[in-house]
Amino acid sequence: MASRKIIHVDMDAFYASVEQRDNPRYRGRAVVVGGDPNRRGVVAAASYEARRFGIRSAMPAAWAYRRCPHAVFLRPRFEAYRQASRQIISVLRQFSDVIEPLSLDEAYIDVTECTLSQGSATLIAGEIKRRIRQVTELTASAGVSYNKLLAKLASDLEKPDGLTTITPESGPAFVAKLEIGKFHGIGRATEAKMRALGINNGADLERWPLERLQDVFGKAARYYYDAARGIDLRPVQSHRERKSIGSETTFQRDLTGTEDMLDHLNRLAGEVIASLQAKHLWARTLTVKVKFHDFEQVTRSRTLDAPIRDIETIRPWLSFLLAKTDAGHRPVRLLGVTVSGFLDEREDPRVTQLDLFQNSD
């Protein structure tokens with residue numbers, strides 16, 4: 001089978017770049033988009049000027065302020081980002097219908113069948129970057145390769161405004177030299193575990209047989225085994241089925257009373273139900289997420305007999321699931337509500353009535 005031609009398009013410091021585009025006063029300055037640095041917010045995006053001070057996404061905004069107090073701190077304007085994202089997708093559709101958005105600022109596009117730019121994926125990627133800049137006044141980095149794993153790795157190599165191609169001939173050598181922590185899906189804890197086992201790069205990982213990897217890493221072993229060989233058979237999926245709908249919030253001050261927690265859970269559940277109804281879906285599984293003051297996180301789930309379609313269906317279960325945690329005995333900094341196990345509401349599922357006395361799973 002002929003190699004696929006896959007491009008990973010990743011916008012550069014997207015939220016911060018939109019802010020700099022829309023407000024000339026911010027250009028050339030350290031811009032941090034996210035939560036309030038005087039509260040418990042986190043950084044959603046940092047301009048490249050801010051990154052020089054060590055500011056990164058997901059960092060507490062208070063830490064970012066300490067590193068660069070003269071930075072411009074802005075709350076997110078998601079409608080502006082969504083509008084720019086729609087423009088980016090419209091550019092991608094000029095080259096292929098096989099597009100898999102991963103978020104507002106990145107997407108895979110399969111250009112295997114595209115005949116533009118002489119059918120060269122590298123030339124196509126360059127043209128995509130040019131048109132995105134023309135339409136949005138924003139820069140994108142692109143990675144080109146024969147699978148999704150390597151295309152995503154390639155897009156990180158020359159940011160910002162980069163373009164890197166990893167060919168089928170160069171892929172195995174590229175992976176062999178790659179530091180183990182650079183593999184997507186290998187977090188800090190797994191990286192530390194691998195380094196303790198003498199696995200420092202792709203070549204080290206490739207020397208491990210699958211059976212030995214399974215003994216140490218379980219289900220993740222197959223991914224590690226394939227990744228070390230530059231193998232990724234996943235296609236670009238144009239239509240990804242949504243697996244869950246959720247809403248969560250982090251509190252300025254830890255909650256200690258369960259009544260307050262239930263008030264917040266009911267509010268979050270209302271947001272989730274509104275989204276569920278807007279998508280004409282029913283759900284079967286309810287999950288409550290609790291993060292304590294020390295950042296320990298737990299979830300408690302329940303698959304209901306009746307489909308979830310309104311707030312009254314799940315309200316009794318919010319207190320039931322919350323009671324199965326240490327909430328009320330330990331301060332809580334975050335709460336979340338998620339529903340999953342979807343059915344289309346236009347179907348006619350044969351279900352029984354909600355039984356509040358059903359035994360817990």
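In this predicted model, arginine 82 has a relative accessibility of 38% and therefore counts as partly exposed, and glutamate 79, at 44%, is likewise classed as partly exposed. The side chains of arginine 82 and glutamate 79 meet in a salt bridge, with an N to O distance of 3.4 Å, and both residues belong to helix H4, where they sit 3 residues apart, about one turn of the helix. Side chains of opposite charge can pair when their charged atoms come close.

The pair formed by lysine 148 and glutamate 100 has its closest N and O atoms 2.8 Å apart, and both of these residues are buried. Because lysine 148 lies in helix H6 (residues 148-155) and glutamate 100 in strand E5 (residues 99-103), this salt bridge ties together parts that are 48 residues apart in sequence. In the salt bridge between arginine 207 and aspartate 204, with 2.3 Å from N to O, arginine 207 is exposed at 59% relative accessible area, whereas aspartate 204 is buried at 14%. The structure holds 24 salt bridges, and a network of them links Glu19, Arg21, Asp22 and Arg77.

Turning to the nonpolar interior, the largest core has 35 residues, of which Ile7, Val9, Phe14, Leu92, Ile109, Ile128 and Ile132 touch the most other members. Among the elements that each supply at least two residues of this core are strand E1 (6-11), helix H1 (14-22) and helix H5 (121-136), while the largest share, 7 residues, comes from H4. Leaving aside residues up to four places away in sequence, phenylalanine 14 touches Tyr81, Ala84, Ser85, Ile88, Leu104, Asp105 and Leu138. Another core, of 30 residues, lies apart from the largest one and includes Ile245, Phe251, Ile273 and Ile308.

Note on methods: Residues numbered from 1 in each chain as written. Predicted model: local features only at pLDDT ≥ 70, side-chain atom pairs only at ≥ 80, totals over all residues. Heavy atoms only, no water. Core = buried A, V, L, I, M, F, W, Y, C linked by side-chain atoms within 4.5 Å. Buried < 20%, exposed > 50% of the residue type's maximum accessible area, 1.4 Å probe, protein only. Helix = DSSP H or I, 4+ residues; strand = E, 2+ residues; numbered from the N terminus. Contact = heavy atoms within 4.5 Å. Salt bridge = Lys/Arg side-chain N within 4 Å of Asp/Glu carboxyl O.
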